[in-house]
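I opened the notebook today to look at aromatic rings and what sits around them. Here is what I looked up, entry by entry.

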Amino acid sequence: MRPIASSSGHRFLGVLGSTPASCMFVFQNAAMINITSTASTPLTSVTQNSSNSTAAPGFIDQILHDLPFPLWVLYAILAAGGLVILVVICLCICCYCKRKKSRKKKKQHQLELKGLEAASGAALVGSGSDDNRYGSNQKKRGKLLYSLDYQATKTELTVGIKQAAELMAMDLGGSSDPYVKVYISPSRTKTYETKVHRNTLKPLFNEHFTFQVTRSVLAASVVVMQVFDFDRFSKHDIIGELRVDLSSVDWNHVIEEWQDLSDPLKCEPEDLGEICISLRYVPAGGRLTVVVLEARNLKSMDLGGSSDPYVKVQLALDKKKWKKKKTSIKKKTLNPYFNESFSFDVPFDHIQRVHLVVSVWDHDAVSRNDTMGKIFLGSDASGNQLMHWADMLANPRRPVGQWHTLLTAEQVNSTLVLKKKLALPKMISRQR
């Protein structure tokens with residue numbers, strides 16, 4: 001027998017050439033030693049990993065504890081950084097979308113140009129009446145059915161606004177609140193308006209307006225019919241217009257026809273601005289309250305490009321001048337803000353006989369004050385003014401505000417002919 005050294009340093013007795021049972025004993029002992037040695041290695045690594053995992057949180061806590069500022073400052077910095085990153089990402093997305101859209105438009109424009117280049121000259125000449133719109137981006141605005149009738153013996157021109165169809169949608173809901181404004185250019189002594197039709201693109205008007213026009217003036221005049229979209233608290237958007245030259249019309253019979261609306265002319269008569277007023281009527285107390293809120297885009301009357309506006313509020317009964325009040329003067333502005341209230345005692349049985357005249361004036365300390373624009377409301381008014389008056393009567397005790405486009409004094413005076421002032425002792429006007 002001689003000793004055999006194992007790899008683990010242990011010594012075993014072995015016998016060369018001994019029995020198989022002895023050899024099996026030796027190999028079993030060696031395997032047990034190897035299993036023991038290999039099993040000890042994972043335990044050590046697990047212990048090390050567990051010690052590292054427990055040390056990591058302590059390390060982070062130590063860093064947070066050693067910070068020279070409170071934790072909320074760190075959180076605020078992280079939140080601000082995240083917000084900046086988010087904003088940058090949004091800007092990048094917007095820029096990308098904008099660039100992509102511009103590329104798409106450019107590509108479409110190039111395709112259109114190629115299509116035009118490929119078109120023959122004969123095709124372009126053969127377009128007929130559409131030549132006037134060739135190359136334009138004119139939108140389809142709808143069409144209007146109107147009538148014209150001139151009575152030479154009475155020197156009266158009757159303009160009928162029958163109906164409209166296929167109007168352009170101006171509101172977000174895909175509809176419009178259309179009405180039609182009618183006047184004769186260039187004199188424009190009178191301007192009529194139809195009733196407003198709510199939420200429709202094919203309104204039925206059936207309204208007629210009469211103008212006093214001599215035969216000589218008729219030959220040099222143009223009838224203008226403008227279709228607007230009504231909006232109570234903002235400027236009314238124009239949908240389209242028709243201009244009929246009266247010098248080329250055959251007056252031997254009544255004219256009635258459909259015509260497509262066209263874009264409004266840029267050289268439209270001078271815009272006098274707008275005024276916003278609120279009306280409130282209390283039937284039980286017989287009190288009419290008028291609040292002059294503000295005006296905007298008024299006409300410049302002074303050399304410096306500004307004005308000194310104030311507003312007159314006048315009440316008339318049976319077209320006879322009665323009482324009037326005026327607001328304070330706003331210096332050097334075309335967009336004055338007043339917010340001044342006036343009250344009038346008007347019995348309920350008189351409210352249908354009352355007319356309210358609101359006019360804007362430019363104050364001048366040296367010369368005479370000039371009128372800048374005018375409107376009147378009442379049962380004899382038309383268009384937006386009549387609608388505002390009707391809304392006031394339909395909503396008693398409630399203030400109803402609305403913007404109105406200012407007209408010239410000549411237009412209002414020719415429609416509402418007021419008589420001389422008549423004193424009514426039982427009615428007293430007072431300002432709040």
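**Entry 1: charges over rings**

Over the ring of which residue does the charged end of K312 sit? I looked it up, keeping in mind that this is a predicted model. The ring belongs to W361, and the charged end of K312 lies 4.2 Å from its centre. I noted another case as well: K143 has its charged end over the ring of W258, here 5.3 Å from the ring centre.

**Entry 2: aromatic pairs**

Next I wanted the ring pairs. A pair of aromatic rings is described by the distance of the centres and the angle of the planes. My search of the whole structure turned up 5 aromatic pairs. One of them joins Y150 and W251, with ring centres 5.8 Å apart. Their planes stand at 55°, and the pair is therefore tilted, since stacked needs under 30 degrees and edge-to-face over 60. I then checked where the partners sit. Y150 is in strand β3 (residues 143-151), while W251 is in the loop between β9 (237-245) and β10 (255-260). They are 101 residues apart, so I wrote this down as a link between distant parts of the chain.

Are these two partners buried or exposed? Y150 has 7% relative accessibility and therefore counts as buried, the cut-off being under 20%. W251 is buried too, at 14%.

**Entry 3: a stacked pair**

Y179 and F228 came next, and this aromatic pair is stacked. I read 5.7 Å from centre to centre and 20° between the planes. Y179 belongs to strand β5 (residues 178-185) and F228 to strand β8 (residues 222-229). With their positions 49 residues apart in the chain, this pair also links distant parts of it. Y179 counts as buried at 1% relative accessibility, and F228 does so at 11%.

I also jotted down an aromatic cluster made up of Y192, F209 and F211.

**Entry 4: a stop at T191**

Which residue's side chain makes a polar contact with the side chain of T191? I found Q411, at 2.3 Å. T191 itself is in strand β6 (residues 191-193). Its relative accessibility is 10%, so I filed T191 as buried. Setting aside neighbours within four places in sequence, I listed the contacts of T191 as K181, V182, Y183 and Q411. Q411 thus appears in my notes both in that contact list and as the polar partner of T191.

Conventions. Residues numbered from 1 in each chain as written. Predicted model: local features only at pLDDT ≥ 70, side-chain atom pairs only at ≥ 80, totals over all residues. Heavy atoms only, no water. Phe/Tyr/Trp six-rings, centres within 6.5 Å; stacked < 30°, edge-to-face > 60°. Helix = DSSP H or I, 4+ residues; strand = E, 2+ residues; numbered from the N terminus. Buried < 20%, exposed > 50% of the residue type's maximum accessible area, 1.4 Å probe, protein only. Lys NZ or Arg CZ within 6 Å of the ring centre and 35° of its normal. Polar contact = N/O pair within 3.5 Å; in protein donor to acceptor, adjacent residues only side chain to side chain. Contact = heavy atoms within 4.5 Å.
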